[in-house]
Amino acid sequence: MAVTHEIEWKFAVEETFTLPAFDGVRGVASVADRDERHLDAVYYDTDDLRLARNRLTLRRREGGADEGWHLKIPAADGARDEIGRPLGEPSQIPPELLDLVAVRLRGARLRPVVSITTVRRTRRLRDAAGHDLVEVADDRVNARTMGERTIVSRWREVELEVLDPAGVDVLPAASKALHRAGARPSPSPSKLQRALALAVDLGAPDVQPGPARLTAADSAARVVHAYLAEHTAALLDRDPAVRVDAPEAVHDMRVAARRLRSTIQTFRPLFDPERAAAIEAGLREIGDVLGRPRDAEVQLARFAGELAGQPVDLVFGPVAARLQEALLGERLRSREEALAYLRGERYLGFVETLLAFVADAAAGQTERARRPAGTVLAKPVGKADRRLTRRVDRARRATAGSDRDAAYHGARKAAKRLRYACELMIPVHGGAAAKLAREAKRVQDTLGEHQDCVVAQTRLREFAVAANLAGESSFTYGLLAGDERARAAATRAAFDATWAQASRPRHRHWLRG
C-alpha cells in the first residue's frame, strides 16, 4: 500500500488577501503558472468523531490529479502520512483503509460528517533546474456538516506543501513571505477540523496528555499518568504505521509497549494490583507478537552486512541466499501473525482496557499515588537502580557460557527499566534524572549489542547445522559465528568502562533526597 509523507503548512488569510510573488524566496528560481482545480470531498467519521479527535481524516474526494479515497494519519515527526485508494462507490469505504483505523474505531461505525467543496488555485515554486519544490495552494472553501445539525461555513486559506525533499528548506522563507503579506498560521490543522469546530465540541483524544509542566509538588499519580499517556498515545499512533509496514513502525510500537510495561512494573505500588497485572500481561503480549518480525528483520540486516564484509574467497556455498530465504520467510510469516493479532477482538478489547487504566491513573488508584511526587517516586527508582547494580555484579561474577550470557541479558533489562523510570522523573528532578537516564541508556546499548552477538551465534549455529544436513559447506557460518563471539568479548571488555562511569554515586544524589 503506497504511503505519501505529507509535509504542509497551513495559513489563514482574509478574502482580500493577495499572494506574494515568491520571486525573492531563497532557493526559488521560478514560479510556475497558476492552475485552478475544483475539489469535492466528503469526510467520514463516527458519531463521536473518534478519527477527528485523534488527528485522523478519512475522505472521498473527486477532482484533481489525486482524486480518490484518502486517509491521513499522524506521523512520528509531527507531519502526516497519506494513504490513497481509487474512488470506487461513495458508500463503500475501502477495507484497507478501514483496517488502518480499526484501533480508533474499535467497532464503531463510520458515516459522512462533512462535505467540503474547494476551489484551489495553485502555483509551484521551482529550483534553478526546473524541479518543483513546493506547491502553494490558495483555497476558497465551502463546508457543510452532515447530521442532525447542519452548519454551513466559508473561508479562505493558503497551504504550502512540500513536493520534493529539497522543498523542506524552502518552507521557512516561503512562510515569511506569506507572513509579510498578511497571512497567519491556521488555527486548525485541517479543513475538517475547522468545519467541525464550528458545529460541535470535538472532545478529547483517546489519550488525554498530562499537564505541560509538572513539579515535585504534583501528585505521583499525575506525574506517572503523564508518562503513561505519552506512550499510550505513541502506541496507538504507530498501529496504522505497522499495518502499512512503515519503516521502524514495529520497533516504535514495541518500544511504546515496553515503556508502559516497565513503568507499571517499577511503580507497581501506585496501581490497583489486579488491573496492573492485566495491563502488564497485555503489553507483554503485544511486545512478543511484534518482536518476532522485528527480530527477523534485524538479524537479516545484521548478517547481510557482516557477510558483505567478508572476502569473497571465504564465502562457501549459497550463504546469502540461505540467510535471505530463512529470515525473510520468518519475517513475512511472523508479520502476518502480528497483523492477525492486531485485527483480532483480543487486541482491540485490550486497547479499551488500557485506555481506561491510563485515564484512571491520573486521579490515583491508591492512596500513595495521591501523595506528592517528590516524596513518593524516588524510592521505586532507587529500587530499580539497586536491581541494576545487583544484576551487573552477578553477570561479572558468572562463569563463562550461557549462564553469563543470561546474566548480562538480565542486567540489560534492568538498565532499560531504570532508564525509563528516570525519564519519567525528569519533570520532578530535571537534569539530574536526565543524566542518570542517559547513563542507563549507555549501559542498555552496550549490553544490547552483547545480547545481539549472543543471539547471532545461536542462529548461525542453526544455519551451520542445516547446511551440513543439506550437504553444503558450513565454513562461512562458522566464520561469522567466530566474529560474533569475538565481538561479544570486546563488548564485555568495553562494558567495564561504561559501568565505571554509569555507577558513579554522583549520578544518584537525587535518589537519596
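I took buried to mean under 20% relative accessible area. With that cut-off I looked up Cys-453, which is buried because its relative accessible area is 0%. The model I consulted is a predicted one.

**Entry 1: cysteines**

I checked Cys-422 next and found that this residue is buried too, with a relative accessible area of 0%. I then searched the whole structure for disulfides, and the search returned 0.

**Entry 2: the whole chain**

I recorded 15 helices and 11 strands in the protein. The C-alpha trace spans about 80 × 65 × 50 Å along its principal axes. Of the 513 residues, I noted that 52% count as buried. I also looked at the contacts with a separation of 6 or more: residues 24 or more positions apart account for 72% of them.

**Entry 3: helix 14**

I turned to helix 14, which runs over residues 475-502 and has 28 residues. From its first C-alpha to its last, helix 14 reaches 40 Å, close to the 40 Å expected at 1.5 Å a residue. I nevertheless logged a kink of about 25 degrees, centred on Phe-495.

I listed the buried residues of helix 14; among them are Thr-476, Tyr-477, Leu-480, Ala-481, Glu-484 and Ala-488. Further along helix 14, the buried residues include Thr-491, Arg-492, Phe-495, Thr-498, Trp-499 and Ala-502. Phe-495 is thus both a buried residue and the centre of the kink. As a reminder on spacing, I wrote that an α-helix has 3.6 residues a turn, so residues three or four places apart point the same way.

What covers the buried residues of helix 14? I found that the cover includes helix 8 (273-308), helix 9 (319-342), helix 12 (378-397) and helix 13 (402-469).

**Entry 4: helix 8 against helix 14**

I examined the packing of helix 8 on helix 14 and noted an angle of about 105 degrees, with the axes 11 Å apart. Helix 8 is therefore roughly perpendicular to helix 14, as the range for that term is 65 to 115 degrees. On the side of helix 8, the contact is made by Arg-302, Phe-303, Glu-306 and Leu-307. On the side of helix 14, Thr-476, Leu-480, Glu-484 and Arg-487 take part. Of these, I had already entered Thr-476, Leu-480 and Glu-484 as buried.

**Entry 5: helix 12**

I looked up helix 12 in its own right. Helix 12 has 20 residues and reaches 29 Å from its first C-alpha to its last, close to the 28 Å expected at 1.5 Å a residue. Its buried residues include Ala-378, Pro-380, Val-381, Gly-382 and Ala-384. Asp-385, Leu-388, Val-392 and Ala-395 of helix 12 are also buried. I traced what these buried residues pack against and found helix 7, helix 11 (373-376), helix 13, helix 14 and helix 15 (509-512).

**Entry 6: Thr-232**

I located Thr-232 in helix 6, residues 220-243. Is Thr-232 buried or exposed? I entered Thr-232 as buried because its relative accessibility is 0%. Leaving out residues up to four places away in sequence, Thr-232 touches Val-207, Leu-260, Leu-354, Leu-355 and Val-358.

**Entry 7: positive phi in loops**

I found that Leu-49, although not a glycine, has a positive phi of about 60 degrees. Leu-49 lies in the loop between strand 4 (35-45) and helix 1 (50-53). At 8% relative accessibility, I counted Leu-49 as buried.

I found a positive phi at Glu-248 as well, near 65 degrees, again in a residue other than glycine. Glu-248 is in the loop between helix 6 and helix 7 (249-266). I recorded Glu-248 as partly exposed, with a relative accessible area of 41%.

**Entry 8: two further loop residues**

I placed Ser-188 in the loop between strand 11 (184-185) and helix 5 (191-197). Ser-188 is buried, with a relative accessible area of 13%. Not counting residues up to four places away in sequence, I found Ser-188 touching Lys-10, Gln-193 and Arg-194.

I placed Ala-363 in the loop between helix 10 (345-361) and helix 11. At 58% relative accessibility, Ala-363 counts as exposed. Ala-363 is in contact with Ala-221 and Arg-370, leaving aside its neighbours within four places in sequence. I also noted that Ala-363 and Ala-220 are 143 residues apart in sequence and 9.7 Å apart in space, C-alpha to C-alpha.

Conventions. Residues are numbered from 1 along each chain as its sequence is written. This is a predicted model: local features need pLDDT of at least 70, side-chain atom pairs count only at pLDDT 80 or more; totals for chains, interfaces and linings use all residues. Side-chain values use heavy atoms; hydrogens and water are left out. Helices (H or I, at least four residues) and strands (E, at least two) are DSSP runs, numbered from the N terminus. Buried means under 20% relative accessible area, exposed over 50%, partly exposed in between (1.4 Å probe, protein chains only). Contact means heavy atoms within 4.5 Å. The expected span of a helix is 1.5 Å times one less than its number of residues. The bend at a residue is the angle between axes fitted to the seven residues ending there and the seven starting there. A disulfide is a pair of cysteine sulfur atoms within 2.5 Å. Axes are lines fitted to C-alpha atoms, for helices over the stretch in contact, and angles run from 0 to 180 degrees between N-to-C directions. Angles under 35 degrees count as roughly parallel, over 145 as roughly antiparallel, 65 to 115 as roughly perpendicular and the rest as oblique.
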